Amino acid sequence: AIFSCLKGAFGSSAKARLCGHSITASYGEMCYHDNSLVSASLEALIQHLVPTVDYYPDRSYVFTFLLSSRLFLHPYELMTRVCHLCVEQQRSGDALLDKVGGSHVAPKLVQLLTEWTETFPYDFRDERMMRCLKDMTLQVARGDEYSWRAMQQMTQRLIKRLSALGQYEEAVAALNAVAQERPASLKSKQTSAQRSDILSVCDDPFILAQQLTHIELDRLSFIGPEEFIQSFAMKDPLENHKGFFRKRKTSNLEAYVNWFNRLSFLVATEICMPVKKKHRARIIEFFIDVAQECFNIGNFNSLMAIITGMNMSPVARLKKTWNKVNTDKFEILEHQMDPSSNFSNYRTALRGATQRSETAHSSQEKIVIPFFSLLIKDIYFLNEGCANRLPNGHINFEKLWELAKQVSEFLVWRQVICPFDRDRRILQYLVTTPVFTEDELHLASYESEGPENNMEKDRTSLLTRYIWTP
Ligand SMILES: *[C@@H]1O[C@H](CO)[C@@H](O)[C@H](O)[C@H]1NC(C)=O
């Protein structure tokens, strides 16, 4: 069976070796272990992606290689080579066509390009990629009515996706600009008391958690799977001598991480702002309830951002305020997200949510929003801990399978449709209301509960001098 999935080109030089119960085999440029591809030369991997009249690569290979090949060559180069090989095949196939009875490589190429454009649409923001698609429509699909139409439809869908992406990016930029405007009212605590606070916008923790989940899923849905990998490609000038990724950033991934930071600062701002201790305590209790609802929904990212906000030192030091709060629930949530033992409590909760999602009866039960910074960190360490190439120059495909596994889990989570009603007013508030900077938070905090030691006193006078003078 291990010989069965190979393309003829590699068959002749096959070598097999038994180690224990497992079989390691290599066929020229490709090595398999127990039927699974473990390493190969880049050339062989590209070959393996290219469909022929009677061969189509399996889907997990297509995803894995399209995802990670960018560590070794630009998507455009890959596209060019795949298309070139296909065109060649078609040429040589055309001669035989009459005898074989009409089978053709075009439908399979269309299938490959469809998987590419649907899973990695952002690759096609590069004009050269689009030109290549057009060429393929003309060259390969010509004379095959069905494939030609499929190429047209695929291109239409792609253009729609890319234009939605452009609109999203503009919208995020505009919202950020609003949030950056720092009206005078925020500059000092006395006048900021007139700013509306979270409770005046929404005092139902469940509703607020639902709106947070909307924002999370909106932003997740625009992250391309390749963004996880692209950041490594940029880092490695040797593999990427032309530095082609410098222009195409990982902007949606960054926008999402920025949202996490914003939510933490928003929580801290809401708590530090009120003049009255009783009011501050109420806001803390409210956010604890929101965090609990986020946990129940499976929205671990907002949950963690809220906990982070509450643990920022300007908030944590408000002892008199915290004394008025029942913290039992909060301690349980903090325990859930405790970083010790590599976040083992959280990982268990995440697995629970993932299982619930897999057997879900409603779209609400499908929701899993991971604590995103940790997901990025896991993928980062996976990349750091494993070489891309083996000493013989072959690409370490075991690593690429593992990267693809982690990223494809994310793709499942990303596609959930948020079932809750949107409340535009609350959403608007969450994404645009101005928040304090770290220094401003400290100052607001000292105004609420005076500095307690010399260090805090020094800091207060320093901050007062530098921040709140016009
Ligand atoms: C933490 O756990 C994840 C998931 O199990 C794993 O991939 C990662 O290597 C672990 N990190 C450390 C430092 O042990």
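**Exercise 1. Find the elements that the salt bridge between arginine 59 and glutamate 115 links, and say how exposed each partner is.**

*Step 1.* Start with the contact itself: arginine 59 and glutamate 115 meet through their side chains in a salt bridge, at 3.4 Å from N to O. The criterion is a side-chain nitrogen of Lys or Arg within 4 Å of a carboxyl oxygen of Asp or Glu.

*Step 2.* Now place the partners. Arginine 59 is in helix 3 (residues 59-68) and glutamate 115 in helix 5, so to speak two distant parts of the chain, 56 residues apart. Helices here are DSSP runs (H or I, at least four residues) and strands are E runs of at least two, numbered from the N terminus.

*Step 3.* Check the accessibility. Arginine 59 counts as exposed at 61% relative accessibility, whereas glutamate 115 is buried at 12%. The classes are buried under 20% relative accessible area, exposed over 50%, and partly exposed in between (1.4 Å probe, protein chains only).

A word on the model before you go on: it is predicted, so local features need pLDDT of at least 70 and side-chain atom pairs count only at pLDDT 80 or more, while totals for chains, interfaces and linings use all residues. Residues are numbered from 1 along each chain as its sequence is written, and side-chain values use heavy atoms, with hydrogens and water left out.

**Exercise 2. Describe two further salt bridges, glutamate 43 with arginine 81 and arginine 280 with glutamate 449.**

*Step 1.* The structure holds 13 salt bridges. In one of them, the closest N and O atoms of glutamate 43 and arginine 81 are 2.2 Å apart. Glutamate 43 belongs to helix 2 (residues 42-49) and arginine 81 to helix 4 (residues 75-100), so the pair ties together parts 38 residues apart in sequence.

*Step 2.* Glutamate 43 is partly exposed, at 47%, and arginine 81 is partly exposed too, at 29%.

*Step 3.* Arginine 280 and glutamate 449 meet at 3.9 Å, N to O. Here arginine 280 lies in helix 13 (residues 277-297) and glutamate 449 in the loop between helix 23 (438-448) and helix 24 (454-467), 169 residues apart. Both arginine 280 and glutamate 449 are buried.

**Exercise 3. Work out whether the length of helix 7 agrees with its expected span, and what its buried residues pack against.**

*Step 1.* The expected span is 1.5 Å times one less than the number of residues. For the 36 residues of helix 7 (residues 145-180) that gives 52 Å, and the end C-alpha atoms are 53 Å apart, which agrees.

*Step 2.* List buried positions: among them are Met151, Met154, Leu158, Leu162, Leu165 and Ala179. An α-helix has 3.6 residues a turn, so residues three or four places apart point the same way.

*Step 3.* The buried residues of helix 7 pack against helix 5 (106-119), helix 6 (127-139), helix 10 (205-221), helix 12 (251-272) and helix 22 (424-432).

**Exercise 4. Trace the surroundings of threonine 432 in helix 22.**

*Step 1.* Threonine 432 counts as buried at 10% relative accessibility. Other buried residues of helix 22 include Ile426, Tyr429 and Leu430.

*Step 2.* The side chain of threonine 432 reaches the backbone oxygen of glutamine 428 at 2.6 Å.

*Step 3.* Leaving aside neighbours within four places in sequence, threonine 432 is in contact (heavy atoms within 4.5 Å) with Leu175, Val178, Ala179 and Arg262.

**Exercise 5. Assemble the strands around strand 4.**

*Step 1.* Strands pair if DSSP finds at least two bridges between them. Strand 3 (residues 30-33) runs antiparallel to strand 4, joined by 4 bridges, with tyrosine 32 opposite leucine 37.

*Step 2.* The two form a hairpin with 2 residues between them, and aspartate 34 in the turn has a positive phi of about 45 degrees.

*Step 3.* On strand 5 (residues 395-396), 2 bridges make an antiparallel connection to strand 4; asparagine 396 is the bridge partner of serine 39.

*Step 4.* In strand 4 (residues 36-40), 4 of the 5 residues are buried, so the rest of the structure largely encloses it.

Note on methods:
Polar contact = N/O pair within 3.5 Å; in protein donor to acceptor, adjacent residues only side chain to side chain.
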